[in-house]
Amino acid sequence: MPLPKEQIYTEADYWNLPEDIRAELINGQLYDMAAPSRIHQEILISLATLIQNHIRSNHDSCRVYPAPFAVKLRENKDDIVEPDITIVCDRSKLTDRGYTGAPDWIIEIVSPSNPGHDYVRKLNLYADAGVQEYWIIDPMEKNVLVYFLEKDRFKCVAYTFKDKIAVGICDDFMIDFAELIAEIPTETDMRR
């Protein structure tokens, strides 16, 4: 008896998903995206705001897009992802639907339900697409892995939430994670 055929999804399938469904299309497969946790959203908002403020104050031409924001990594391939934070400097690749091409910097905040998605699947996808800088922020482990593209491979440097991290795509921009995390309310703060 033949094995059942795996369904291969296309870009058309992605764009025709119901509005209340969030998913990513990678190598012909749709991956559901669970609702993020509060700490995930707190980190996302604080970090996106910090980056946006730096870009504005330095009159940089880059743009910051927090999720949901569709990124079609290659014109000739149907991979469409929704990174937690996408930073793009080539505005000619912006479309009404999002961005087509490899963003300059992508940040993913790890979800406890599917860490392999960011650490393996997306890591390889982003390296192959030519993303210059990829940060994986893990709130459970309290660390940040920073990947810089060198030729066609990522080089990784590991940090903790106590470190200051230099942003590779921006001159003179450091993100102090101890300060960033200190501003995020804890469960105890929220009960007061």
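This is a short conversation about how labels are assigned in a predicted model.

User: Before we start, what are the ground rules for this model?

Analyst: Happy to set them out: the model is predicted, local features need pLDDT of at least 70, side-chain atom pairs count only at pLDDT 80 or more, and totals for chains, interfaces and linings use all residues. Residues are numbered from 1 along each chain as its sequence is written, and side-chain values use heavy atoms, leaving out hydrogens and water.

User: What makes Cys62 and Cys89 a disulfide?

Analyst: A disulfide is a pair of cysteine sulfur atoms within 2.5 Å. The sulfur atoms of Cys62 and Cys89 are 1.9 Å apart, so the pair qualifies. The structure holds one disulfide. This link is right-handed, with 90° about the S-S bond.

User: Why is Cys156 not given a bond?

Analyst: The closest cysteine sulfur, in Cys170, is 19 Å from that of Cys156, so the two are too far apart for a bond. Cys170 is in no disulfide either: its nearest cysteine sulfur, that of Cys62, is 5.8 Å away.

User: Why is Cys62 called buried, and why is Cys89 called partly exposed?

Analyst: Buried means under 20% relative accessible area, exposed means over 50%, and partly exposed lies in between (1.4 Å probe, protein chains only). Cys62 has 4% relative accessibility, so it counts as buried. Cys89, at 24%, therefore counts as partly exposed.

User: Which label goes to Cys170, and which to Cys156?

Analyst: Cys170 is at 6%, so it counts as buried. Cys156 has a relative accessible area of 39%, so it is partly exposed.

User: Why is Thr100 called buried?

Analyst: Its relative accessible area is 18%, so Thr100 is buried. Thr100 is found in strand β8, residues 98–100; strands are DSSP runs of E with at least two residues, and helices are runs of H or I with at least four, numbered from the N terminus.

User: What does Thr100 contact, leaving aside neighbours within four places in sequence?

Analyst: Thr100 is in contact with Lys72, Glu75, Lys93 and Thr95, where contact means heavy atoms within 4.5 Å.

User: What makes a group of residues a nonpolar core?

Analyst: The set must be buried Ala, Val, Leu, Ile, Met, Phe, Trp, Tyr and Cys residues joined through side-chain atoms within 4.5 Å. The largest here has 26 residues, and Ile51, Trp135 and Phe177 have the most contacts inside it. Helix α2 gives the largest share, six residues. Apart from this core lies another, of 22 residues, including Leu73 and Tyr99.
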